[in-house]
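Got the viewer open? Let's take a walk through this chain together, starting with the whole and ending with a few odd spots.

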Amino acid sequence: MTDGEIPEDHPRRASLVTRHRIEAGVEAGITSKQGLIAQGRGEAFDYLLGERTLPSAAAAERAAAARLLLADHPVISVNGNVAALVPDEVVALAEAVDADLEVNLFNRTEERMAAIATHLRDHGAATVKGLTGDGEIPGLDHARGTVDADGIGAADVVVVPLEDGDRAAALADMGKTEIVIDLNPGSRSPRTAAIPIVDNVVRAVPNVTSHARDLTDASPDERRGIVESFEPDAALDAAEAAIRSGEF
Ligand code: ATP
């Protein structure tokens with residue numbers, strides 16, 4: 001089944017479209033089988049959050065846009081789930097904030113790296129990093145710590161959607177400012193992030209892009225003000241409270 005075959009008025013359309021994109025990603029060799037498990041975990045949290053962008057997540061998305069526009073060398077890390085779910089949207093975000101796109105996999109295989117890079121180029125990416133693999137994240141084994149020296153290795157701000165907790169911690173230890181997109185507010189990755197966005201990547205990425213476009217003419221002071229007034233712990237607490245209250 002393709003996106004177009006799911007009725008527009010189906011009450012769970014967004015969820016079904018997401019699921020089918022991940023399935024297609026696995027079939028195309030872009031998404032790993034573990035990616036299916038990650039998707040299931042994400043869906044459960046999204047359901048509990050009411051499948052909507054919380055006000056606290058919207059604030060995080062605006063802070064992320066402001067921080068990316070202030071960055072010297074921002075990089076957006078792309079794994080198999082992100083490539084399957086939001087290829088056009090990550091390309092648009094990279095253009096809006098002048099960031100590099102870097103393929104970065106938990107289960108790195110050269111075939112999957114190449115398939116994702118090709119997929120992103122097919123969706124309009126001018127350059128895709130990650131294939132050189134001449135840099136490393138200290139403290140991780142080779143397969144998980146390999147990055148491009150002039151990509152994530154040299155970045156000051158990194159967007160890491162659906163990142164594994166160890167890698168998120170290791171990137172923070174390198175002094176990177178991390179923007180993590182993850183639906184589980186209790187997961188280690190958002191808890192190590194300077195800016196945790198507790199929202200579905202399918203909503204979060206276009207929202208950050210739209211805030212970035214809105215802030216194109218904002219002064220550095222205005223952008224800094226938005227970043228400084230964002231409170232990561234309060235955003236995580238608000239997401240957890242929304243899940244626990246079950247009110248939406
Ligand atoms: P950690 O090591 O940080 O505790 P984890 O072991 O929970 O993380 P994984 O199972 O590797 O991490 O990754 C899945 C994570 O990605 C989950 O936290 C899940 O909520 C999140 N996730 C899955 N799909 C999406 C999505 N579409 N948008 C945002 N987050 C998602």
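Start with the overall size. For 248 residues, a compact globule would have a radius of gyration near 18 Å, and this chain comes in at 17 Å, so the two agree. Keep in mind that you're looking at a predicted model. If you put a box around the C-alpha atoms along the principal axes, that box would be roughly 45 × 45 × 35 Å. Inside it, the chain is built from 12 helices and seven strands.

How much of the chain is tucked away? Buried residues make up 51% of the 248. The contacts tell you about the fold as well: take those with a separation of 6 or more, and 65% of them join residues 24 or more positions apart. As for the outside, the accessible surface comes to about 11200 Å², and carbon and sulfur atoms account for 50% of that.

Now let's go inside. The largest nonpolar core has 48 residues, and Val90 and Ile197 are the ones with the most contacts within it. Helix H3, residues 55-70, gives the most to this core, with seven residues. Click on Ile197 and you'll find a long list of partners, even when you skip residues up to four places away in sequence: among them are Ala57, Ala60 and Ala64, along with Ile179, Val180 and Ile181, and then Ala204 and Val208. Apart from the largest core there is another one, of 12 residues, including Ile137, Val158, Val160 and Leu171.

Next, pick out helix H2, which runs over residues 33-48. Its 16 residues reach 24 Å from the first C-alpha to the last, close to the 22 Å expected at 1.5 Å a residue. Which residues of H2 are buried? They are Gly35, Gln39, Gly42, Glu43 and Asp46. These cover an arc of only 110 degrees around the axis, so they sit on the same side of H2. What covers them includes helix H1 (13-27), helix H4 (80-85) and helix H10 (201-214). Turn to the face of H2 that points away from the buried side, and you'll meet the exposed residues Lys33, Ile37 and Arg41. After H2 comes Gly50, with a positive phi near 80 degrees.

One of those buried H2 residues, Asp46, leads us to another stop: Asn200 touches Asp46 and Leu183, leaving aside residues up to four places away in sequence. You'll find Asn200 in the loop between strand S7 (195-197) and H10. Is Asn200 buried or exposed? Its relative accessibility is 10%, and buried means under 20%, so Asn200 counts as buried.

Finally, a look at some backbone angles. Most residues other than glycine have a negative phi. Asp98 has a positive one, near 55 degrees, even though it isn't a glycine. Asp98 lies in the loop between helix H5 (87-97) and strand S2 (100-103), and it is exposed, with a relative accessible area of 66%. Leu162 is another non-glycine residue with a positive phi, near 50 degrees. Look for Leu162 in the loop between strand S5 (157-161) and helix H8 (165-173). At 30% relative accessibility, Leu162 counts as partly exposed.

How values were computed
Residues numbered from 1 in each chain as written. Predicted model: local features only at pLDDT ≥ 70, side-chain atom pairs only at ≥ 80, totals over all residues. Heavy atoms only, no water. Helix = DSSP H or I, 4+ residues; strand = E, 2+ residues; numbered from the N terminus. Buried < 20%, exposed > 50% of the residue type's maximum accessible area, 1.4 Å probe, protein only. Expected span 1.5 Å × (residues − 1). Arc of directions from axis to C-beta. Contact = heavy atoms within 4.5 Å. Core = buried A, V, L, I, M, F, W, Y, C linked by side-chain atoms within 4.5 Å. Rg over C-alpha atoms; globule rule 2.2 N^0.38 Å. Areas by Shrake-Rupley, 256 points an atom, 1.4 Å probe, with all protein chains shown as cover.
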